[in-house]
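What follows is a walk through the model shown below, moving from the fold of a chain to a helix, then to the core and finally to the symmetry.

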There are 2 protein chains.
Amino acid sequence: MIRPQAPRSVTKTRAKVRPVASRGKPGAAPKSQESGGTDGHGISPLAPAAQKPLPPVAGVRLASAAAGIKYSARTDVMLAELAPGTQVAGVFTRSKAPSAPVDWCRTKLARGTARGLVVNSGNANAFTGQAGKTTTRAVAQAAAAALACPLSEVFLASTGVIGEPLPAEKITKVLPQLCNGAVNESWEAAARAIMTTDTYPKLATASARIAGTKVTINGIAKGSGMIAPDMATMLAFVFTDAAIPAAVLQDLLSDGVAKSFNCITVDSDTSTSDTLLLFATGQGRPHPRVTRASDPGLADFRRKLDAVLLDLALKVVRDGEGAQKLIEVGVSGAKSDASAHRIAMSIANSPLVKTAIAGGDANWGRIVMAVGKAGEPADRDRLKIAFGGHVVAEAGARARRYDEAKASAAVALRSVKIAVDIGLGRGRARVWTCDLTEGYIHINGAYRS
Amino acid sequence: MIRPQAPRSVTKTRAKVRPVASRGKPGAAPKSQESGGTDGHGISPLAPAAQKPLPPVAGVRLASAAAGIKYSARTDVMLAELAPGTQVAGVFTRSKAPSAPVDWCRTKLARGTARGLVVNSGNANAFTGQAGKTTTRAVAQAAAAALACPLSEVFLASTGVIGEPLPAEKITKVLPQLCNGAVNESWEAAARAIMTTDTYPKLATASARIAGTKVTINGIAKGSGMIAPDMATMLAFVFTDAAIPAAVLQDLLSDGVAKSFNCITVDSDTSTSDTLLLFATGQGRPHPRVTRASDPGLADFRRKLDAVLLDLALKVVRDGEGAQKLIEVGVSGAKSDASAHRIAMSIANSPLVKTAIAGGDANWGRIVMAVGKAGEPADRDRLKIAFGGHVVAEAGARARRYDEAKASAAVALRSVKIAVDIGLGRGRARVWTCDLTEGYIHINGAYRS
């Protein structure tokens, strides 16, 4: 059941990203530097350039540990300790078979306050029946005791194999170490501890102003396969030191997700564990009180939050299992935005489109096919398709100025842009996916065993 | 634009299927024996055993020719000449971007009579704009002239690359040769002429009794990728010598398709060209008149027609691009049959389920995921999942008697059976797919170029 461990190259290549302690204290060298979540295929060629360490977020303290849940010689449990009064919002998978931690978070979200977040990789605690519920409760109880907070203020997430029982002790045994401040780690270390098939840790940051006061937004995410979020993808956690009530956070988050995580797909497979939580500690510099998402004072914060969410979502796609190319699909001229979104997703989920891009083939006929199968209003004779700005098809046929060399050049890039105009209305959407390569097959033919 | 030709082994292996002339006349050696539609990956390991030549169907005369539309050294145009008075029914792709021949057939179907069917491979004549329409009309006119029949009695189908203009002359130049009885070929030769990425020709036959009178049903089909029929798959043509009015044929066909072609998927990509036509020549032995699909005299015919349709559909799945395993997904206990079908298709279209099976991994957690993402009523804690009869999960968790060796043995077979009980109602469905392998990526990364 153990997957091949990451080759040394992972550690080496990423070593240029220097870890820092999260609240300025020089912390222990993160264990996760010695680990990785790849399957031997190396880091995605679409991995973003090394980014600067994330700044601290007042009121958030991070720690991670190696609990040996599934992997060896790497961290797999992460704790975020949150200042009292921290507000929380969340979105979850729409799967009818959600994981035990998703069930747990849903019921706890009603109160809107959080003191701790415990995340493990290696086991999703999904479809684990009564045993799974018992595990979530036991982990939450141990965390609540260690953090001296109510049970309802502990949030949980798990990612990894589905259906494998997850003994609570695996996690509870490392909780004291995590809670007692033995480690105070970097955001990168936290992002590494939640990786599964990811080939690099996913982080994003922004600073925003709320009515002139500077606040910080940091986020981490994991995800590489089983990515077709119908709410959020796999796991993502965003933290801010702003003081924003839970109800307002929820509105901001739901809006932002619609334009980010719900616009990505790797393989059309929606996870049982999708969880996106947004925490606001209120421990930053004081700013005027906000009471509604539409508060003009939140305009910049909303923009920056959206940017962080999109940044994280794109980092998930860039690490799509086996991905060699990032594909942006823009649809305009649909009957409505929702219709444009469904058409864009039909293109982004088409194995034939994705294999053509993988093969460097500007096969726009498959785009026509994918538009046609979406089931949305479309008129063959009004369709217009472009690769990287070069129009390849229009008015129901190959474009007059079609140039095979130009079209091929556009799909030879690491980043491929497909634009489709439906020609019927003003609906627009933009989604992102990756190509479908043999790497995906390699990885998923042997994930569990 | 030329794909690699079939290796010699294709011809050799299939050579044991002896061609026969369709109306008893010893015909010319079919050219298609020298051809093949593979991409160099050889014949599917799931190919059915060589079958006996199909019997003739009175009133149907077949011919094929090598027109050099895209392939070299193989047949690519097929003609079926039908006796006067032949009745016809059809179902087509629900794509919003249907091919020009699909548009043509739809308008011609209203009259319900047919004298000729012209099919080409190598070019789908889809998304070819006004030029595509001009081509269909020119081909139909040439065929109508050669067959001395009204334009409305000529049916057309094309399969191959989308978006590439198809000059009518390519086809019209071989029509005289086809119509003038120069060749009178076997059903296998006809099935070969319509192949694209298929690795073997697809044929099925049955004899049925209508009120005691024996009639024959023969069918041919092609299809290997872009298979997620939302009505019919790619191309399939079924012929009978029975005398059945078009309206009755249509009812029989629509019912049969719901249980066959609409229950298969290779890659979730619905073709622009899906066409299934059913012809009844009425040239067999006289039988009592039938006026409704529910006529008791048609009970056996209906059963046998359904069997032919399912046989052809399964032969398409068995030739799924890159397929190494046939997967049957049975869903029971859903809220309704339609709900069961959607859940079954969610499983059958899941890349993660299909790659797990390819890898011989009894990863039932991915079945849970696929049930969960279907969006249909389901209750995690009532789900029951079995591989090859061995129950692996029940009551929301791994089954007590779960046996990894048994589960693995079930998915190691060429034919894998997945059974899912939703535990909520009496809805049932059964669908078929194949595994997702590197072969699919190989084939589709280089199909067009």
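In this predicted model, residues 24 or more positions apart account for 83% of those contacts in chain A that have a separation of 6 or more. Chain A holds 13 helices and 14 strands, and 63% of its 449 residues count as buried.

Helix α7 of chain A, which covers residues 246-258, offers a local view: its 13 residues reach 18 Å from the first C-alpha to the last, close to the 18 Å expected at 1.5 Å a residue. Buried within α7(A) are Ala246(A), Val248(A), Leu249(A), Gln250(A), Leu252(A), Leu253(A), Gly256(A) and Val257(A), and the buried residues of this helix pack against β2 (77-92), β8 (275-280) and α8 (299-318) of chain A.

In soluble globular proteins, nonpolar side chains tend to be buried together. The largest nonpolar core here has 295 residues, of which Ile347(A), Val371(A), Ile347(B), Val368(B) and Val371(B) touch the most other members. When residues up to four places away in sequence are left out, Val371(A) touches Ile343(A), Ser346(A), Ile347(A), Ala378(A), Leu383(A) and Val420(A), together with Lys96(B) and Ala97(B).

How, then, are the chains related? A turn of 180°, with a shift of 0.0 Å along the axis, lays chain A on chain B with an RMSD of 0.1 Å, which is the relation of a two-fold axis. The same surface serves both copies, in that 100% of the contact residues of chain A recur in chain B. Among the residues of chain A, Glu438(A) comes closest to the rotation axis, its C-alpha lying at 2.6 Å.

Definitions and conventions. Residues are numbered from 1 along each chain as its sequence is written. Chains are lettered from A and ligands numbered from 1 in the order in which they are written. This is a predicted model: local features need pLDDT of at least 70, side-chain atom pairs count only at pLDDT 80 or more; totals for chains, interfaces and linings use all residues. Helices (H or I, at least four residues) and strands (E, at least two) are DSSP runs, numbered from the N terminus. The expected span of a helix is 1.5 Å times one less than its number of residues. A residue is buried if 20 or more other C-beta atoms lie within 10 Å of its own, exposed if 12 or fewer, and partly exposed in between; C-beta atoms are placed from the backbone. Two residues are in contact if their C-beta atoms, placed from the backbone, lie within 7 Å. A nonpolar core is a set of buried Ala, Val, Leu, Ile, Met, Phe, Trp, Tyr and Cys residues joined through C-beta atoms within 7 Å. Copies are superposed by least squares on the C-alpha atoms of residues with pLDDT of at least 70 in both.
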